[in-house]
Amino acid sequence: MVKDWGMSEKAGLRTYDGNNGSFVTVNEVSPNTNDLIDTEIKRIMMESYDRAKTILKTHHKEHKMLAEALLKYETLDADDIKAIMKGKDTPDKTLLA
């Protein structure tokens, strides 16, 4: 993302070690630029990790309910998932078959 597509405010709209017609290409970079790229990659990774962790913690109850329903029923359709999210148990699918 940072090196190939220039997706970093700090590193700028440049690609490194490649050629993409819409960006300025830089083939040889200074140690400071390499450090900047590494710092930006680490920042993006940590932000993504923290965001994923927050989502999982926030929705822990729903995640657990879905996991238990999947263990019980093996498959769920959209209506089943909606029912589970409302706190209802899904119908016993073996009786319907």
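The exercises below, each with a worked solution, deal with a predicted model.

**Exercise 1. Find which salt bridges Arg43 takes part in, and describe how their partners are placed along the helix.**

Step 1. Begin with Glu40, whose side chain meets that of Arg43 in a salt bridge with an N to O distance of 3.0 Å; this lies inside the cut-off, which asks for a side-chain nitrogen of Lys or Arg within 4 Å of a carboxyl oxygen of Asp or Glu.

Step 2. Turn next to Glu47, which also forms a salt bridge with Arg43, and here the closest N and O atoms are 2.9 Å apart.

Step 3. Consider the spacing in sequence: Arg43 and Glu40 are three residues apart in helix H2, which covers residues 31-58, and this separates them by about one helical turn. Glu47 and Arg43 lie four residues apart in helix H2, again about one turn of the helix. The general rule behind this step is that an α-helix has 3.6 residues a turn, so residues three or four places apart point the same way.

Step 4. Put the pairs together: through salt bridges that share partners, Glu40, Arg43 and Glu47 are joined into one network, and the count of salt bridges comes to two.

**Exercise 2. Decide for Glu40, Arg43 and Glu47 whether each is buried, partly exposed or exposed.**

Step 1. Recall the limits, since the classes depend on them: buried means under 20% relative accessible area, exposed means over 50%, and partly exposed lies in between.

Step 2. Apply them to each residue in turn. Glu40, at 1% relative accessibility, counts as buried, whereas Arg43 is partly exposed with a relative accessible area of 31%, and Glu47 is likewise partly exposed at 42%.

**Exercise 3. Describe the surroundings of Thr39.**

Step 1. Place the residue: Thr39 is found in helix H2, where it is partly exposed, with a relative accessible area of 47%.

Step 2. Look at its contacts and distances. The side chain of Thr39 reaches the backbone oxygen of Asp35 at 2.8 Å, while Lys10, 29 residues away in sequence, is 9.7 Å from Thr39 in space, C-alpha to C-alpha.

**Exercise 4. Work out which residues of helix H4 are buried, which are exposed, and what lies at its ends.**

Step 1. In helix H4, residues 78-85, the buried residues include Asp80, Ala83 and Ile84. These cover an arc of only 100° around the axis, so they sit on the same side of H4.

Step 2. The face turned away from that buried side carries the exposed residues Asp79 and Lys82.

Step 3. At the N-terminal end, Asp77 caps H4 with a side-chain oxygen 3.2 Å from the backbone nitrogen of Asp79, and H4 is followed by Gly87, whose phi is positive, near 90°.

Technical notes. Residues numbered from 1 in each chain as written. Predicted model: local features only at pLDDT ≥ 70, side-chain atom pairs only at ≥ 80, totals over all residues. Heavy atoms only, no water. Helix = DSSP H or I, 4+ residues; strand = E, 2+ residues; numbered from the N terminus. Buried < 20%, exposed > 50% of the residue type's maximum accessible area, 1.4 Å probe, protein only. Polar contact = N/O pair within 3.5 Å; in protein donor to acceptor, adjacent residues only side chain to side chain. Arc of directions from axis to C-beta.
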